[in-house]
Amino acid sequence: MKRYLGLFLFATVMLASCVPQKKILYLQDRPKDDSTATFVNDRKLDYQVQPGDNLYIKISSLEEKSTTYFNQVSGAASGGSGGTNLYLNSYLVNDTGYFHFPSLGYMYVKDLTAEEIQDELEKRLSEYLVDPVVIVRLASFRITLLGEFKSPGKYDVFQNNINIFEAISLGGDLTDFAKRNKVAIIRQTGNGSKVIRVDLNDKRILESDYYYLLPNDIVYAEPIKAKQFVSTNFPYGLVFSILSTILLLYAFFN
């Protein structure tokens, strides 16, 4: 009887805590006869600057004195490469799509890429410097991971694009209790916020318009119902008490 009760308890706990493999596998074939191996994503990888973005700008040229002046004014000469330094020493793009650069005045950069801004700055700075070379980086590319991540939190991205799987890897992957078929992306738009739900179980996510994330996106992975059942609803204490009582009574009468 002890052996049977032990097996019963083990089976009960295992069944209560198991999550079907089908729910935790990424990029599954749907339907099963779909053998597509190549997916086209037409999204332009070069991010286009929007109001509220921060731009880090560094300048170099053959004229050391003048170059030092521009970098000191822009903050690029302060040193440090961390996310906080990049943010504090950057230029804010205002609500109308402009940012102010010393000696050059206001520049309209909305919907321009970093490379296009570099070219425009080099053209304008050529009036003050000899063969200027400009580096422009987005200083405010941050994403937030919430919910069923092994390491949720805010993450700075030091590149001009990131896809959703790269973002998940920053958070140490999703837990087994994450609802992978309904991961929410909360995105800021000109009219407010919108919520998009994507299915990571389906390999068609590779060609989705939301495969690549944008700055300040929030990715929320909600838990499946099994987690709540395992952590709160399943009466572990009651089951153990009943089984302990049965074992004590069995031992007493024998």
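The exercises below walk through a predicted model, each with a task and a worked solution.

**Exercise 1. The salt bridge of Arg187**

Task: Find which residue forms a salt bridge with Arg187, and work out whether the two partners are buried or exposed.

Solution: Begin with the general idea that side chains of opposite charge can pair when their charged atoms come close. The cut-off to apply is a side-chain nitrogen of Lys or Arg within 4 Å of a carboxyl oxygen of Asp or Glu. Arg187 meets this rule with Asp217, since the closest N and O atoms of the pair are 2.7 Å apart. Next, place both partners along the chain: Arg187 belongs to strand 9 (residues 183-189), while Asp217 sits in the loop between strand 11 (212-213) and strand 12 (218-221), so the salt bridge ties together parts that are 30 residues apart in sequence. Finally, consider the cover around them: Arg187 is buried, and Asp217 is buried as well. By the same rule, the count for the model comes to seven salt bridges.

**Exercise 2. A network around Arg197**

Task: Determine which residues are linked with Arg197 in a network of salt bridges, and describe the pair that Arg197 makes with Glu222.

Solution: The network is made up of Lys179, Arg197 and Glu222. Within it, Arg197 and Glu222 form a salt bridge whose closest N and O atoms are 3.2 Å apart. This pair links distant parts of the chain, as Arg197 is in strand 10 (residues 192-198) and Glu222 is in the loop between strand 12 and helix 6 (225-233), 25 residues apart. To judge exposure, recall that buried means under 20% relative accessible area, and that partly exposed runs from there up to the exposed class, which is over 50%. Arg197, with a relative accessible area of 49%, is therefore partly exposed, whereas Glu222, at 19%, counts as buried.

**Exercise 3. Asp111 and its phi angle**

Task: State where Asp111 is found, which residue it pairs with, and what is notable about its phi.

Solution: Asp111 lies in the loop between strand 4 (105-108) and helix 4. Its salt bridge partner is Lys110, and the closest N and O atoms of the two are 3.2 Å apart. Both residues are partly exposed, because Asp111 has a relative accessible area of 34% and Lys110 has one of 28%. For the backbone, note first that most residues other than glycine have a negative phi. The phi of Asp111, however, is near 70°, a positive value in a residue other than glycine. A further case is Leu27, whose phi is near 55° and likewise positive; Leu27 is found in the loop between helix 1 and strand 1 and, at 35% relative accessibility, counts as partly exposed.

**Exercise 4. Contacts across the sequence**

Task: Find how many residues along the chain separate Asp29 from Lys203, and Ile143 from Val219, and give the C-alpha separation of each pair.

Solution: Asp29 and Lys203 are 174 residues apart along the chain, yet their C-alpha atoms are separated by 6.3 Å. Asp29 belongs to the loop between helix 1 (2-17) and strand 1 (54-60), and its relative accessibility of 39% makes it partly exposed. For the second pair, Ile143 and Val219 are 76 residues apart in sequence, with 7.7 Å between their C-alpha atoms. Ile143 is part of strand 6 (residues 142-147), and it is buried, since its relative accessible area is 0%.

**Exercise 5. A pocket and a surface patch**

Task: Describe the lining of the second largest pocket, then name the residues that make a nonpolar surface patch.

Solution: The second largest pocket has a volume of about 290 Å³. Its lining consists of 16 residues, and those nearest its centre are Val136, Arg137, Leu138, Gln159 and Asn160. Two or more lining residues come from each of helix 4 (114-125) and strand 5 (133-138), with strand 5 giving the most, at three residues. Sorted by character, the lining holds 10 nonpolar, three polar and three charged residues. Turning to the surface, Tyr98, Tyr106 and Tyr108 make a nonpolar patch of about 340 Å². Of these residues, Tyr98 is placed in strand 3 (residues 98-101), and it counts as partly exposed because its relative accessibility is 33%.

Note on methods: Residues are numbered from 1 along each chain as its sequence is written. This is a predicted model: local features need pLDDT of at least 70, side-chain atom pairs count only at pLDDT 80 or more; totals for chains, interfaces and linings use all residues. Side-chain values use heavy atoms; hydrogens and water are left out. Patches are made of residues with over 30% relative accessible area and no salt bridge: like charges are joined within 9 Å, nonpolar side chains (Val, Leu, Ile, Met, Phe, Trp, Tyr) within 5 Å. Accessible areas come from the Shrake-Rupley method with a 1.4 Å probe; for residues, only the protein chains shown count as cover. Helices (H or I, at least four residues) and strands (E, at least two) are DSSP runs, numbered from the N terminus. Buried means under 20% relative accessible area, exposed over 50%, partly exposed in between (1.4 Å probe, protein chains only). On a 1 Å grid over the protein atoms alone, a cavity is a set of points where a 1.4 Å probe fits but cannot get out, and a pocket is an open set with protein on both sides within 12 Å along at least five of seven lines; lining residues have an atom within 4 Å of a point. Grid points are joined across faces, edges and corners, and a volume is the space filled by probe spheres set on the points. Ala, Val, Leu, Ile, Met, Phe, Trp, Tyr, Cys and Pro count as nonpolar, Asp, Glu, Lys and Arg as charged, and the others, Gly among them, as polar.
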